[in-house]
Amino acid sequence: FGTVVLHVAPEAQAGGPLALVKTGDRIRVSASRGELTLLVEDAELAARRANWAPEPPHYTRGYAKLYVDHVLQADKGADLDFLVGKDTRPVTRESH
């Protein structure tokens, strides 16, 4: 029981801040403000970023590759990038 964080953007694999988190780091969560703050000094984060590299791609073809290459991050609606702006109908319900 407690707070559950479902979406953080950008994702760690895309180089988001969660890619730099290490075991033991403190993270402050504010559900009311929709914020997640990594409580690590900027200099330490810069050093971690300099040593970070994404994992090699797991998929080289098929739907999974299409998903990885074209689905936008959660904060952008997790839609296919090539469909953005193509539909002029109003959104009549939550899409998640």
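What follows is a short dialogue on reading a predicted model of one protein chain.

Me: I'm new to this one. Which helices and strands does the chain have, and in what order do they run?

Reply: Keep in mind that this is a predicted model. The chain has two helices and two strands. Starting at the N terminus, you meet them in the order β-β-α-α.

Me: And how spread out is the chain next to a compact globule?

Reply: Here you set the radius of gyration against what a globule rule gives for the chain's length. For 96 residues the rule gives 12 Å, but the radius of gyration of this chain is 17 Å, so the chain is more spread out than a compact globule. If you prefer a box, the C-alpha atoms fill one of roughly 45 × 35 × 25 Å along the principal axes.

Me: What share of the residues is buried?

Reply: A residue counts as buried when its relative accessible area is under 20%. Of the 96 residues in the chain, 11% are buried. As for the surface, the chain exposes about 8300 Å², and carbon and sulfur atoms supply 54% of that.

Me: How do I read the contacts along the chain, and what part of them links residues 24 or more positions apart?

Reply: Take the contacts with a separation of 6 or more, then look at how far apart the partners sit in sequence. In this chain, residues 24 or more positions apart account for 40% of those contacts.

Me: Can we try a single residue? Where is leucine 39, and what is it in contact with?

Reply: Leucine 39 sits in the loop between β2 (35-38) and α1 (42-50). Once you set aside its neighbours within four places in sequence, leucine 39 touches Arg26 and Arg28. With a relative accessible area of 35%, leucine 39 is partly exposed, because that class lies between the buried limit of 20% and the exposed limit of 50%.

Me: How far is leucine 39 from valine 84?

Reply: The two are 45 residues apart in sequence, and their C-alpha atoms are 35 Å apart in space. You can do the same with alanine 64, which lies in helix α2. Its C-alpha atom is 33 Å from that of arginine 28, with their positions 36 residues apart along the chain. Alanine 64 is partly exposed at 25% relative accessible area.

Me: Now the rings. How many aromatic pairs are there, and how is a pair described?

Reply: You describe a pair of aromatic rings by the distance of the centres and the angle of the planes. The count here is one aromatic pair. Tyrosine 63 and tyrosine 67 form it, with 6.4 Å centre to centre and 45 degrees between the planes, which makes the pair tilted.

Me: Why are those two tyrosines about one helical turn apart?

Reply: Because they are four residues apart in helix α2 (residues 62-70). Tyrosine 63 is exposed, at 62% relative accessible area, while tyrosine 67 is partly exposed at 42%.

Me: Last one: what should I notice about the phi of alanine 78?

Reply: Look at the sign, and at the residue type. Phi of alanine 78 is near 55 degrees, a positive value in a residue other than glycine. Alanine 78 belongs to the segment after α2 and is partly exposed, with a relative accessible area of 45%.

Technical notes: Residues numbered from 1 in each chain as written. Predicted model: local features only at pLDDT ≥ 70, side-chain atom pairs only at ≥ 80, totals over all residues. Heavy atoms only, no water. Buried < 20%, exposed > 50% of the residue type's maximum accessible area, 1.4 Å probe, protein only. Contact = heavy atoms within 4.5 Å. Rg over C-alpha atoms; globule rule 2.2 N^0.38 Å. Areas by Shrake-Rupley, 256 points an atom, 1.4 Å probe, with all protein chains shown as cover. Phe/Tyr/Trp six-rings, centres within 6.5 Å; stacked < 30°, edge-to-face > 60°.
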